[in-house]
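Visitor: I am new to this structure and would like to be led through it step by step. Could you show it to me before I begin asking?

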Amino acid sequence: MKASVRRLFKGFVVAIVWIAGVFAVMQIVPYGRTHSSPATIKEPPWDSPRTRELAVRACFNCHSNRTRWPWYANVAPLSWVVQADVENARSVVNFSEWNRTYELALYSGQSIRTGNMPPIKYSMAHREANLTDLEARELASGLDAMLRPPGQR
């Protein structure tokens, strides 16, 4: 019995050492720790200060150049996920670079109404982004008012 317990303990220690080694090697990969936050070039023509306030709270951390990088954005592999999420979000809609065209911007309000935005994994880590039902409706309506042509609102 003692030999089997010793073997089990040795296997456990070897597994922990391997996991720690893989984790340490992951830290060598520089992706995800550059944390670029370029200057704001141009913001959209907000329909109201309230829409901007709600967008800043729920959207700007990924969909603008004003990202506040959390501590775990410095630790691989989480840093890889955070960096990819921010890069993808900025490519879809970037409220800090409104001098570009964003094909999917028209659907921003709809994404809020359907609950696709903000994503659940983001809302779990960032409680300030959790909007009440009323706030979500206000933000969706405000985004529709400013982004959709009058006939499509």
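Visitor: Does Phe60 count as buried, partly exposed or exposed, and what is its relative accessibility?
Guide: A word of care comes before the answer, since this is a predicted model. A residue is called buried when its relative accessible area is under 20%. Phe60 falls under that cut-off and so counts as buried, at a relative accessibility of 2%.

Visitor: How is the pair of rings formed by Trp46 and Phe60 classed?
Guide: A pair of aromatic rings is described by the distance of the centres and the angle of the planes. Six aromatic pairs are counted here. For Trp46 and Phe60 the centres are 6.1 Å apart and the planes stand at 35°, so the pair is tilted.

Visitor: Where in the chain do Trp46 and Phe60 lie, and how many residues apart are they?
Guide: Trp46 is buried, with a relative accessible area of 18%. This residue sits in the loop between α1 and α2, whereas Phe60 belongs to helix α3, and the pair links distant parts of the chain, its members being 14 residues apart.

Visitor: Which kind of aromatic pair do Phe95 and Trp98 form, and which cluster are they part of?
Guide: Their centres are 5.8 Å apart with 15° between the planes, and the pair is stacked. Phe95 is buried at 3% relative accessible area, and Trp98 is buried as well, at 16%. The aromatic cluster that holds them is formed by Trp46, Phe60, Phe95, Trp98 and Tyr102.

Visitor: Which parts of the chain does the salt bridge between Glu135 and Arg50 tie together, and how many residues apart are they?
Guide: Side chains of opposite charge can pair when their charged atoms come close. The side chains of Glu135 and Arg50 meet in a salt bridge at 3.7 Å, N to O. Because Glu135 lies in helix α7 and Arg50 in helix α2, the pair ties together parts that are 85 residues apart in sequence.

Visitor: Which residues are joined with Arg50 into one network of salt bridges?
Guide: Arg50 also forms a salt bridge with Glu53, where the closest N and O atoms are 2.8 Å apart, and both of these residues lie in helix α2, three residues apart. Asp144 in helix α7 has a salt bridge too, with Arg113 as its partner and the closest N and O atoms 2.6 Å apart. The pair of Asp144 and Arg113 links distant parts of the chain, with Arg113 in helix α5, 31 residues away. As for the network, salt bridges that share partners join Arg50 with Glu53, Arg57, Glu135 and Glu138.

Visitor: What are the elements that the buried residues of α7 pack against?
Guide: The 15 residues of helix α7 should span 21 Å at 1.5 Å a residue, and its end C-alpha atoms are 21 Å apart, which agrees. Its buried residues include Glu135, Leu139, Leu143 and Asp144. The buried residues of α7 pack against α2 and α5.

Visitor: Which residue does a cis peptide bond join to Met117, and what is omega there?
Guide: One cis peptide bond joins Ala76 and Pro77, with omega about 5°, and Pro77 is placed in the loop between α3 and α4. For Met117, the residue in question is found in the loop between α5 and α6. The bond from Met117 is cis and leads to Pro118, with omega near -15°.

Terms used. Residues are numbered from 1 along each chain as its sequence is written. This is a predicted model: local features need pLDDT of at least 70, side-chain atom pairs count only at pLDDT 80 or more; totals for chains, interfaces and linings use all residues. Side-chain values use heavy atoms; hydrogens and water are left out. Helices (H or I, at least four residues) and strands (E, at least two) are DSSP runs, numbered from the N terminus. The expected span of a helix is 1.5 Å times one less than its number of residues. Buried means under 20% relative accessible area, exposed over 50%, partly exposed in between (1.4 Å probe, protein chains only). Contact means heavy atoms within 4.5 Å. Rings of Phe, Tyr and Trp (its six-membered ring) pair if their centres lie within 6.5 Å; planes under 30 degrees apart count as stacked, over 60 as edge-to-face and the rest as tilted. A salt bridge is a side-chain nitrogen of Lys or Arg within 4 Å of a carboxyl oxygen of Asp or Glu.
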